[in-house]
Amino acid sequence: MRSVFLIGLAVFLAVAGGGYCIGWFAQASRMKAGLEEAIASLNARQNVLTYRAIETSGFPGDVTVAIINPRFSGRVDLLLKSLPVAPGRPQPFTALPEWQEDDALNGRIAFSINALSNYYRIGVNGNVRHESRLAGQMIAADIHHNGESDCTLQLSRGSWSAGLWDYQAILHKGGDLLRDVRLLDCSSPGYAVTGAHQETLISSGPGRLYIASAPTQGMERLRVYLKMTDAGITTAGDAWLTAYAQAFGNRIPMQLSLYGEQNTEIDFSYAGPASMQQTGTEPIDIRIDPFRLANQSSTINAGFYFVDSGPASPRHVHVAFKAVSNFSGTYEAIEQNMLRRLIQDAYADKNRQHAGASPYLAALDKYTPGQMLAILTPAIPDLHTLGQLTQSLNASYEGAADFKTGVITLADFELSAAPYGVTGKGSAHLATGQPLPAGSLSLTCTNCLRLVDDAAGYAGRLQTTFSYFDPATAAGMTIDPRLVDGIKNFLGSIASPMRDAAGNATFVYAIASDGATGITVNDKNMAEVMRLYDEYVGGALRHEAAKAAAAPAPR
């Protein structure tokens, strides 16, 4: 009896194994034939995609179809012009120059399906020889990959029996395919683009893009992660990109090398309603941490957090944000270069039919490009002189779901630069029948007088720039020294003055409310605060108004 069972089991396993083998080879043949059919369809208009071979592998767990040494060669402009356009919309590629592209991969592109999971994978390995002939100009480069780049795709479907291997049906789903995506994970070990003399044009270290989605019963959990390391463009790369830009009619040289090596890391997550119509009726959690951007011109490190427990009582809402930035002198150089490009673009446009309709556009006929650059450059803020910039907010609410009663807490507020800034913290109580929240807020303005002077100085620079375009508007923007002194005197009159270690004036404002009789600032009621404002600031404003009325009208 035992031997009969063993023989039966062996027969069953042999039949099952044979069936699996037949299924695997059948699926591999269908995938290969489908890929050949897709390439033939692409080549219907012009023979643009060729390859050395298509190979299958991966038995028993995977079905892998690989295109060996693919090469794309053809007229890109004709391909783009042949794309369908929605009725009533113009063809966007009619002005393209003749664009011959030739890209040959010395390697393989492999597409895999795993029979025992719900994952697809595509991998690219090898180096690319790139040649473009644009408007009669030859542009060439070699792209060297540091290893295999790959992407993994997971869909909301099961394994073999659930149709994962029916890739043609999946591709025909169109927009529904996006709703089926549960994971996209792409990584690259880095690459380098070199020119005709093996000089580096563009390079990048390892990078990753990760997207995960998990919808359940009207709710959504989403995460998006992006990391890019040591990406940079050299001055030779600027020239290479400029050649492309000029072929498309852009006459302004690229200067992306000014940024140096760039590093980016962003991690975003969301947990909450799948539909925006449910916002406010369900718990929600949004986070961005970290948010890092770093290059030769600036560094930004930031984080954001928002959570709302939903309409259940007690309701908890918490929002926190912090960004710390540093800018170098290179940042202003980049901004000036961008301004120069905008000016050159404006003057290169020969179709300014409405130039006279605005004083700003009419200035293009009044000033030379060099004069325009000199006029606009002072409006670029000197951020590198401010040192480290910090913006932060940490506030929360705890109380009734309708926000009518509860406690608001400001744990932290900061808007500062190295020389000066404003910080604050406090709390307030909301109650029914109370016209105002009851609570207190403490604000500290460090080196406040210099802050006012610098703000007035920059406003004066903007006023000067505006005066070249619209003198009448600019006249109303004039910052009189008397007004600046009035603002500083007013801020000092309502503050509790202090001195920091360097002897700079620091103003502290204790703002309080009892919820019934009104608000006080350092024990001064609002009537006294407004009297001081009228004395110092109102007087200066009236002086400016009288001076403007007596001045002759601008011609």
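Trainee: Let's start with Tyr-533 in this predicted model. Which helix holds Tyr-533?
Mentor: Keep in mind that we're looking at a predicted model. Find Tyr-533 along the chain and you land in helix H12.

Trainee: Is Tyr-533 buried, partly exposed or exposed?
Mentor: Buried means under 20% relative accessible area and exposed means over 50%, with partly exposed in between. Tyr-533 comes in at 33%, so its class is partly exposed.

Trainee: Tyr-533 has some company on the surface. Which helix gives the most residues to the nonpolar patch?
Mentor: The patch covers about 420 Å² and is built from Ile-519, Met-526, Met-530, Tyr-533 and Leu-541. Four residues of the patch come from one element, residues 526–550, and that top contributor is helix H12.

Trainee: On to helix H6. How far apart are its end C-alpha atoms, and what span should we expect?
Mentor: Helix H6 runs over residues 329–348, which makes 20 residues. At 1.5 Å a residue, that should span 28 Å, and the value agrees with it: the end C-alpha atoms are apart by 29 Å.

Trainee: Which residues of H6 are buried?
Mentor: A handy bit of background: an α-helix has 3.6 residues a turn, so residues three or four places apart point the same way. As for H6 itself, the buried residues are Glu-332, Ile-334, Asn-337, Leu-339, Arg-341, Ile-343 and Tyr-347.

Trainee: What separates the C-alpha atoms of Tyr-347 and Leu-364?
Mentor: Leu-364 sits in helix H7, residues 359–366, and is buried because its relative accessible area is 12%. Tyr-347, in H6, is buried too. Along the chain the two are 17 residues apart, and their C-alpha atoms are separated by 6.9 Å.

Trainee: Let's jump to strand S3. Which side chain does the side chain of Thr-64 make a polar contact with?
Mentor: Thr-64 belongs to strand S3, residues 62–68. With a relative accessible area of 9%, Thr-64 is buried. Its side chain makes a polar contact at 2.8 Å with the side chain of Ser-112.

Trainee: Now cysteines. What is the handedness of the disulfide between Cys-151 and Cys-186?
Mentor: A search of the whole structure turns up two disulfides, and this one has an S to S distance of 2.0 Å. Cys-151 is in strand S8 and Cys-186 in strand S9, 35 residues apart, so the link ties distant parts of the chain. The torsion about the S-S bond is about 115°, so the disulfide is right-handed.

Trainee: How are the bonded cysteines paired in sequence order?
Mentor: Beside the Cys-151 to Cys-186 link, Cys-445 and Cys-448 form a disulfide with sulfur atoms 2.0 Å apart. Cys-445 and Cys-448 are both buried. Number the bonded cysteines in sequence order and the pairing reads 1-2, 3-4.

Trainee: What is phi of Asn-447?
Mentor: Asn-447 lies in the loop between strand S21 and helix H9, and at 8% relative accessibility it counts as buried. Most residues other than glycine have a negative phi. Asn-447 is not a glycine, and yet its phi is positive, at about 50°.

Trainee: Where is the cis peptide bond, and what is its omega?
Mentor: Most peptide bonds are trans. The cis one here runs from Asp-289 to Pro-290, and Pro-290 lies in strand S15, residues 284–294. Omega for that bond is near 10°.

Trainee: Which residue forms a salt bridge with Asp-382?
Mentor: Side chains of opposite charge can pair when their charged atoms come close. For Asp-382, the closest N and O atoms of the bridge are 3.2 Å apart. The partner sits in helix H9, 79 residues away along the chain. At 26% relative accessibility the partner is partly exposed, and its name is Arg-461.

Trainee: One more: which residue bridges to Lys-488?
Mentor: Lys-488 is in helix H11 and its partner in helix H9, 35 residues apart. At 17% relative accessibility, Lys-488 counts as buried, while the partner, at 34%, counts as partly exposed. The closest N and O atoms are 3.0 Å apart, and the partner is Asp-453.

Definitions and conventions. Residues are numbered from 1 along each chain as its sequence is written. This is a predicted model: local features need pLDDT of at least 70, side-chain atom pairs count only at pLDDT 80 or more; totals for chains, interfaces and linings use all residues. Side-chain values use heavy atoms; hydrogens and water are left out. Helices (H or I, at least four residues) and strands (E, at least two) are DSSP runs, numbered from the N terminus. The expected span of a helix is 1.5 Å times one less than its number of residues. Buried means under 20% relative accessible area, exposed over 50%, partly exposed in between (1.4 Å probe, protein chains only). A polar contact is a pair of N or O atoms within 3.5 Å; within protein, one must be able to donate a hydrogen and the other to accept it, and residues adjacent in sequence count only if both atoms are side-chain atoms. Patches are made of residues with over 30% relative accessible area and no salt bridge: like charges are joined within 9 Å, nonpolar side chains (Val, Leu, Ile, Met, Phe, Trp, Tyr) within 5 Å. Accessible areas come from the Shrake-Rupley method with a 1.4 Å probe; for residues, only the protein chains shown count as cover. A salt bridge is a side-chain nitrogen of Lys or Arg within 4 Å of a carboxyl oxygen of Asp or Glu. A disulfide is a pair of cysteine sulfur atoms within 2.5 Å.
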